[in-house]
There are 2 protein chains.
Amino acid sequence: MAILDGNLEKVSEFTIRRLSNYFRILSELEKRGVVTVSSASLAELGAITSAQVRKDLSYFGSFGTRGLGYKVVELKEAIVAILGLDRRWTLALFGAGFLGHALFFHDGFREDGFHFIHVFDVDDAKVGTKWRDVAITHQRHAAESLRREPVDIGVIATPPSAARDVVDLVVRGGVKGVLNFAPTQVQVPEGVWLRNVNLAVALESLSFYLSQ
Amino acid sequence: MAILDGNLEKVSEFTIRRLSNYFRILSELEKRGVVTVSSASLAELGAITSAQVRKDLSYFGSFGTRGLGYKVVELKEAIVAILGLDRRWTLALFGAGFLGHALFFHDGFREDGFHFIHVFDVDDAKVGTKWRDVAITHQRHAAESLRREPVDIGVIATPPSAARDVVDLVVRGGVKGVLNFAPTQVQVPEGVWLRNVNLAVALESLSFYLSQ
DNA sequence: TAGATTGTTAATCGATTAACAATC
DNA sequence: TAGATTGTTAATCGATTAACAATC
């Protein structure tokens with residue numbers, strides 16, 4: 001299957017986020033035993049338009065059959081391949097607080113192939129304790145740990161004041177992706193991908209509309 | 001100050017999310033004792049353009065002084081008022097799992113004026129225990145609790161399979177906003193605002209770009 | 001074949017950016 | 001006054017949607 005017809009440049013983050021959504025919808029349909037699905041019903045389930053669905057998929061190839069629609073399992077597997085979920089990804093977590101804890105134990109990540117193999121914190125009370133089979137390590141040993149066992153992605157769940165230093169640390173450790181939950185602007189060098197997730201933004205958006 | 005010149009209709013969710021970001025940047029500048037800031041430096045701190053900053057603010061009024069820029073505290077307070085952060089908001093949490101725990105104890109929310117006054121779960125082992133001064137209540141008593149003490153916003157941190165029912169429950173309880181962390185499509189009636197936050201999306205976006 | 005639905009092109013819509021007059 | 005920077009309009013860019021030929 002020819003994924004990516006050379007026009008990857010034109011694929012926007014919006015499309016990627018929707019693919020991620022199609023993946024979840026298709027997984028659900030598969031679980032329910034649904035065999036085929038049209039762009040129209042996929043669109044309805046995702047609260048978008050059928051043109052959007054077809055356009056999104058068209059960046060990566062032709063996955064459907066005219067007159068019939070898409071085979072659920074086939075399309076799901078195509079999207080899994082596109083999103084890179086057909087392999088194992090290793091993660092390092094920085095910050096073993098409440099949020100770090102929730103991320104580490106979030107089953108969805110493991111099911112998607114994302115595995116935390118390091119957890120770092122600066123709190124000596126936490127260092128040495130174990131989360132599943134991962135021992136919490138003091139952040140001062142992070143560089144060393146990352147040299148011994150490198151990871152693909154660094155996940156930042158520290159207080160905002162620490163985020164910048166931790167990002168530098170994990171980038172020097174060789175990660176190619178950073179997922180930042182700290183509500184502060186951080187910088188990564190060329191060639192490293194950064195995504196920011198800010199839990200307050202959605203809540204503040206709600207309070208804006210509720211105030212009107 | 002004339003916030004909202006009647007063109008609120010034209011304000012996009014993109015603008016609101018950036019306001020939320022300006023708010024954090026301005027808070028940081030205030031803490032550092034910075035008195036005035038230009039759209040250019042605000043833009044640099046937020047990794048966008050100065051035209052974007054001025055355009056975003058222009059939907060709500062004129063907050064700056066030509067030739068000088070914006071007073072940090074004044075602009076911050078204007079944005080606080082726009083986002084509705086100048087009042088107390090009450091929240092009900094559904095799902096006392098890892099994620100619910102992280103959300104409940106997340107200091108940033110309380111600092112912004114968002115207060116969880118109810119926590120519901122279906123696990124009898126959790127029911128009766130307390131988080132700070134909030135007793136975890138069985139979900140079957142949620143309707144009753146919400147009647148006694150209504151809230152502004154329902155926060156859904158249940159497994160996806162439970163999300164739909166819980167949303168119906170909380171909407172019948174009179175909330176005007178729903179913040180859904182469950183990775184499943186939910187529906188709310190006209191007049192209720194919904195925001196979805198999916199922790200997997202950002203990670204899957206990273207794996208997509210890292211795969212290329 | 002007739003009906004259904006894809007894949008894609010062209011049209012539309014909306015968000016971002018550039019430019020500059022207004023003005024401190 | 002001269003320099004700086006806002007607020008706003010017009011131009012550009014990019015994302016979404018409509019439409020339809022291709023085709024199962």
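Good morning. Between chain B and chain A, the count of salt bridges is 2. I should say at once that this is a predicted model, and I shall take the protein interface before turning to the DNA.

One salt bridge joins the side chains of Glu204(A) and Arg24(B), with an N to O distance of 3.4 Å. Polar contacts also cross this interface: 12 residue pairs satisfy the rule, with both partners at pLDDT 80 or more.

Which elements of chain B supply two or more residues to the side that touches chain A? They are α1 (13-31), α2 (39-46), α4 (72-83), β3 (89-94), α5 (98-105), β8 (177-180), β9 (193-196) and α9 (199-211). Of these, α9(B) gives the most, with 13 residues. Sorted by class, the residues on this side of chain B comprise 38 nonpolar, 13 polar and 8 charged.

As to extent, 59 residues of chain B are in contact with 59 residues of chain A. The area buried between the two chains is about 5,100 Å², and carbon and sulfur atoms give 72% of it. Within the area that chain B buries against chain A, Leu203(B), Glu204(B) and Tyr209(B) supply 14%, more than any other three residues.

Let me now turn to DNA strand D. This strand is surrounded by 25 residues, and the closest are Arg18(A), Arg66(A), Ser39(B), Arg54(B) and Tyr70(B). By class, the surface near strand D has 13 polar, 7 charged and 5 nonpolar residues.

What parts of the strand D atoms lie within 4 Å of the protein? Sugar or phosphate accounts for 64% of those atoms, and bases for the rest.

Three individual approaches illustrate both kinds of partner. On the base side, an N or O atom in the side chain of Arg54(B) is 2.8 Å from a base nitrogen of DNA strand D. Arg54(B), you will recall, is also one of the closest residues to the strand. Arg66(B) places a polar side-chain atom 2.9 Å from a base oxygen of strand D. On the backbone side, a polar side-chain atom of Gln52(A) lies 3.3 Å from a sugar or linking oxygen of the strand.

In terms of secondary structure, two or more residues of the surface near strand D come from each of α1 (13-31) and α3 (50-58) of chain A, and from α3 (50-58) of chain B. The element that gives the most is α3(A), with 4 residues.

That concludes my presentation. Thank you.

Conventions: Residues numbered from 1 in each chain as written. Chains lettered and ligands numbered in written order. Predicted model: local features only at pLDDT ≥ 70, side-chain atom pairs only at ≥ 80, totals over all residues. Heavy atoms only, no water. Near = heavy atom within 4 Å. Polar contact = N/O pair within 3.5 Å; in protein donor to acceptor, adjacent residues only side chain to side chain. Nonpolar A, V, L, I, M, F, W, Y, C, P; charged D, E, K, R; others polar. Contact = heavy atoms within 4.5 Å. Buried area = accessible area lost by both parts, 1.4 Å probe. Salt bridge = Lys/Arg side-chain N within 4 Å of Asp/Glu carboxyl O.
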